[in-house]
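Hi everyone, thanks for coming. I'd like to walk you through a structure that is new to most of us, so please take a look at it with me.

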Amino acid sequence: MSETLQTTDVAASDADLLAQTAIAVREAGSALRERFGEVVRYQTREELMRALAANDDTALDILRPRLTRLRPHAGWVEDELDGGALPPGEWWVVDPAEGNVNHLHALPEWAVTATLVRENQPVLTAVHLPLTGETYTALTGAGAHLNGRPLHVSRTADLGLSIVATSQARPDEDEKVVRRVGSSITAMLFDALVVRAAVPATLHLLNVAAGRIDAFWQFAGARADLLPGALLVTEAGGRISDAEGRPWTPQSESFLAAAPGVHAKAVSTLSR
């Protein structure tokens, strides 16, 4: 039986909104889980795009009405490749099938995410992994949690003992960015213990927030990829910046999330 979203005429508190948002992403995740299991075959880019859109639409048919009911005046962003600042006000930034291409290939690394952004600051986020039943949540000033349990970033202080990760920024990326990704991986292979490279970015950031991975970086990137994880990592005690250590915004050309003990060394490595 699906969980029921309760709404009233009185504006919900952010904590109530987060609880209801978590219900919505879980229900959308259940619908995507029913579509998961067989590798989806495609021969052309057009066939791939149709398959991706079918998954997105399945989740959006659940997410859009539920989240709109919760926050009727909030704007809506569902293009996972969009970047840059949002206009003033509140916005739902949603990735209905984060890691969609993994879902199509019967790989387990995919999720459903929804983040409420207020005046260009993420205030709450819910990320659900349907195959494991894990729901990661964060609320500004209230910490990050996994199924209700508090999350804390790693206490590692030595990059040489760290597991680090990066993600492909987007398809058809500019050659300069692709080469920068390659050189950064090479630099980390010299300085870190283990380097992981895979999509989607959000799942790496969940692992940073949970203390399983010590640092994650990416060049370019999109709001839907980075905002949920940025809030989760921050609320779990981690540090967020661009790859050169400057404050990160959705307009930044790079992104770094790390445990405090390795952040400065990661910046040094990525700046080489």
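**Helices and a sheet**

Let's begin with a pair of helices: α4 passes α7 in a right-handed crossing. Before we go on, please keep in mind that this is a predicted model.

So how do α4 and α7 pack? Helix α4 covers residues 175-191 and helix α7 covers residues 260-270, and they pack at an angle of about 130°, their axes 9 Å apart. That angle makes α4 oblique to α7.

Which residues meet there? On the α4 side you'll find Ser184, Ala187, Met188 and Asp191, and they meet Lys265, Ala266, Thr269 and Leu270 of α7. Sorted by character, the residues of this contact are 4 nonpolar, 2 polar and 2 charged.

Now let's turn to the sheet. It is an open one, built from 7 strands with mixed pairing, and the order reads β1-β2-β3-β4-β5-β6-β7. Which strands stand at the edges? Those are β1 (75-77) and β7 (149-150); each has a single partner strand, so one side of each has no neighbour in the sheet.

Let's zoom in on one pairing. Strand β2, residues 90-98, runs antiparallel to strand β3, residues 111-118, and 7 bridges join the two. If you'd like one to find on screen, Glu90 has Arg118 in β3 as its bridge partner.

Helices meet this sheet as well. Helix α1 (residues 14-34) packs on it and touches β2, β3, β4 (121-129) and β5 (134-139), with a direction about 35° from that of β4. Helix α2 (residues 45-70), for its part, lies across β1, β2 and β3 and runs at about 150° to β2.

Thanks for listening!

Technical notes
Residues numbered from 1 in each chain as written. Predicted model: local features only at pLDDT ≥ 70, side-chain atom pairs only at ≥ 80, totals over all residues. Heavy atoms only, no water. Axes fitted to C-alpha atoms, helices over the stretch in contact; angles between N-to-C directions. Helix = DSSP H or I, 4+ residues; strand = E, 2+ residues; numbered from the N terminus. Parallel < 35°, antiparallel > 145°, perpendicular 65-115°, else oblique. Left-handed = near helix turned anticlockwise from the far one by under 90°. Contact = heavy atoms within 4.5 Å. Nonpolar A, V, L, I, M, F, W, Y, C, P; charged D, E, K, R; others polar. Pairing = 2+ DSSP bridges.
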